Amino acid sequence: METDRYKSKCKALPYLPKPSLLRLKMAGVGNMMAHTGSLMASFIFVWAMFQQYFPRELIAYFHKYSKRVMSFFYPYIQITFHESTGERFVHSEAYTAIEIYLSSNSCLQAKRLKGDILKNSQTLALSLDNEEEVADDFRGIRVWWAFGMRTSKAQTFPSLFRQESVEKGYYKLTFHKRHQDLIIGPYLNYVMAEGKAIMVRNRQRKLYTNNGSFWSHVAFEHPATFESLAMEPRKKAEIIDDLTTFSKAGKLYARTGRAWKRGYLLYGPPGTGKSTMIAAMANLLAYDVYDLELTTVKDNTALRRLLMETSSKSVIVIEDIDCSLELTGQRRKQKSGRAEGDGGQEGDIPINKEDDGGHNSRVTLSGLLNFIDGLWSACGGERLIVFTTNHVGKLDHALIRRGRMDKHIELSYCSYEAFEILAKNYLSLDSHHLFSIIEELLGQVKITPADVAEHLIPKETSGDATLCLINLIEALRVAKLQEAAVKEAAEEDNEEEKPSGEEGQAATAAVV
């Protein structure tokens with residue numbers, strides 16, 4: 001009975017292999033691994049011998065056809081975007097757009113990142129580190145982006161015969177071949193557009209000025225905005241709407257066959273905020289500013305060169321154009337004695353205005369007109385061309401006609417609506433019991449917003465707003481008395497110039 005019970009318990013136990021059988025199985029696995037290792041070693045040896053002793057042409061053919069064979073079995077397509085292209089290693093715009101796009105959309109998936117400030121940018125940008133890969137989704141389709149580095153030979157200065165190894169980055173896009181049409185078309189266009197849009201938003205805007213026919217720049221950091229601009233709200237809203245419409249009208253300009261540009265003429269007395277208006281326009285649209293000094297430009301060729309070097313999304317400014325060159329309504333006549341009917345065009349007469357530095361500018365009126373709306377003005381797009389002047393009547397009509405200066409904006413003396421904005425900006429006041437007195441005086445006195453702002457700036461550490469308003473009221477009353485005195489003196493001069501009754505009759509009789 002005990003023996004039978006023991007046998008039944010033994011049958012219930014799990015099967016345990018004998019030590020000899022276990023050793024045989026382990027030996028079989030070891031033999032298989034050793035055989036695989038020997039095959040790999042043999043393949044590596046044969047491949048090394050093949051690369052060393054066979055002609056390079058044969059090796060190239062082997063690579064070519066082996067890739068073709070693999071393409072039948074590999075279901076993915078790869079596209080590589082290199083950092084630089086061409087023989088001169090020109091930086092690729094597509095590479096930059098992809099880098100910016102991935103830095104804002106997909107880099108959070110990566111474990112290893114690089115941090116840097118991109119060219120012309122004011123924010124820190126994160127990018128993929130070497131041999132890092134991230135995934136991206138587009139319309140339910142998954143793609144993979146990988147970053148890598150490649151080494152190339154490049155000539156170095158000063159020795160053009162010396163070459164050094166230069167590392168350049170590249171991005172590799174991998175996707176399934178059945179999605180080829182969707183990825184190569186809409187997806188890549190989306191990536192490029194998003195990357196460029198992000199780059200525009202994050203870029204460090206610049207203020208350019210010309211020294212002759214070359215631009216130099218500094219960072220553009222003017223704080224002016226339309227919210228702080230002292231102007232009637234209705235007129236301000238009209239200008240903002242016009243600027244915003246222009247910035248979004250690229251397809252309209254292309255469809256109508258016009259260069260994507262718009263001209264603005266800002267005119268009015270000094271101190272009415274013309275330069276501030278330009279800064280507000282640039283800040284509203286996030287454009288660069290090119291401040292063109294015409295008196296330093298040698299001739300029309302140099303003027304065209306400056307225009308070609310301006311970028312899109314920019315404001316080209318010529319301030320006080322009536323003082324920059326002699327572009328008055330009376331075009332200059334030649335003093336060299338050239339006959340009137342020799343076939344020359346009136347606008348081609350050189351201006352020949354010598355500036356304080358002793359340079360002679362031979363920019364002509366026709367050259368400036370071609371700069372504004374000639375064939376060369378279509379090189380690039382999305383540009384504003386802004387002229388400012390204190391005396392609009394002095395300018396030639398051909399220079400400021402519609403189509404060249406599309407919108408004329410008069411910036412006049414300070415109104416009560418403009419004063420309310422200045423009071424809000426400088427004193428943080430929405431209302432005050434002295435506002436009614438100021439409103440009455442502003443309706444009687446001509447004073448510029450710059451003069452009003454000067455009186456609203458606190459002159460004491462206490463920053464008493466009431467004291468500032470009292471100072472402004474006193475200044476307005478003084479200006480009112482001065483205007484009355486000037487008007488009275490002018491009337492007296494007119495009376496003195498008119499002959500009296502008998503003297504007038506005698507003078508009339510003498511003439512007859």
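How many salt bridges does the structure hold? In this predicted model, the structure holds 6 salt bridges, and three of these pairs, D137 with R142, E238 with K407 and E474 with R477, are described below after an outline of the chain. The secondary structure comes to 17 helices and 17 strands, and of the 512 residues of the chain, 35% count as buried. Among contacts with a sequence separation of 6 or more, 67% are accounted for by residues that stand 24 or more positions apart.

Side chains of opposite charge can pair when their charged atoms come close. In the pair formed by D137 and R142, the closest N and O atoms are 3.0 Å apart. D137 is partly exposed, with a relative accessible area of 46%, and R142 likewise counts as partly exposed, at 44% relative accessibility.

A salt bridge also joins E238 to K407, with the closest N and O atoms being 3.0 Å apart. Because E238 lies in helix 6 (residues 233–247) and K407 lies in strand 17 (residues 407–410), this pair ties together parts of the chain that are 169 residues apart in sequence. The partners fall into separate accessibility classes: E238 is partly exposed, with a relative accessible area of 40%, whereas K407, at 14% relative accessibility, counts as buried.

The side chains of E474 and R477 meet in a salt bridge with an N to O distance of 3.8 Å. Both residues belong to helix 16 (residues 465–497), where a spacing of 3 residues places them about one turn of the helix apart. E474 counts as partly exposed at 41% relative accessibility, and R477 is also partly exposed, with a relative accessible area of 41%.

Helix 6 contains a further basic residue, K236, which counts as buried because its relative accessibility is 10%, under the 20% limit for that class. With residues up to four places away in sequence left out, K236 touches F226, E227, L229, M231 and I421. One of these residues, F226, is 10 residues from K236 along the chain, and the C-alpha atoms of the two are separated by 7.3 Å.

Two helix pairs were examined for their packing. Helix 9 (residues 300–308) and helix 11 (residues 365–373) pack at an angle of about 15°, with their axes 10 Å apart. This angle makes helix 9 roughly parallel to helix 11, since angles under 35 degrees are assigned to that class. Helix 9 passes helix 11 in a right-handed crossing, and the contact is made by N300, L303 and L307 of helix 9 together with G367, L368 and F371 of helix 11. By residue type, this contact divides into 4 nonpolar and 2 polar residues, with no charged residue.

In the second pair, the axes of helix 13 (416–427) and helix 15 (residues 449–456) come within 10 Å and cross at roughly 35°. The crossing of helix 13 past helix 15 is right-handed. On the side of helix 13 the contact involves F419, L422, A423, Y426 and L427, which meet P449, V452, A453 and L456 of helix 15. The residues of this contact comprise 9 nonpolar, no polar and no charged, whereas the contact of helix 9 with helix 11 includes 2 polar residues.

The backbone was also considered at two loop positions. Most residues other than glycine have a negative phi. E382, however, has a phi near 55°, a positive value in a residue other than glycine, and S428 has a positive phi of about 55° although it, too, is not a glycine. E382 is found in the loop between helix 11 and strand 16 (383–389), while S428 lies in the loop between helix 13 (416–427) and helix 14 (435–442). Which of the terms buried or exposed applies to E382? At 7% relative accessibility, E382 counts as buried, whereas S428, at 56% relative accessibility, counts as exposed.

Technical notes
Residues are numbered from 1 along each chain as its sequence is written. This is a predicted model: local features need pLDDT of at least 70, side-chain atom pairs count only at pLDDT 80 or more; totals for chains, interfaces and linings use all residues. Side-chain values use heavy atoms; hydrogens and water are left out. Axes are lines fitted to C-alpha atoms, for helices over the stretch in contact, and angles run from 0 to 180 degrees between N-to-C directions. Helices (H or I, at least four residues) and strands (E, at least two) are DSSP runs, numbered from the N terminus. Angles under 35 degrees count as roughly parallel, over 145 as roughly antiparallel, 65 to 115 as roughly perpendicular and the rest as oblique. A crossing is left-handed if the near helix is turned anticlockwise from the far one by less than a right angle, and right-handed if clockwise. Contact means heavy atoms within 4.5 Å. Ala, Val, Leu, Ile, Met, Phe, Trp, Tyr, Cys and Pro count as nonpolar, Asp, Glu, Lys and Arg as charged, and the others, Gly among them, as polar. A salt bridge is a side-chain nitrogen of Lys or Arg within 4 Å of a carboxyl oxygen of Asp or Glu. Buried means under 20% relative accessible area, exposed over 50%, partly exposed in between (1.4 Å probe, protein chains only).
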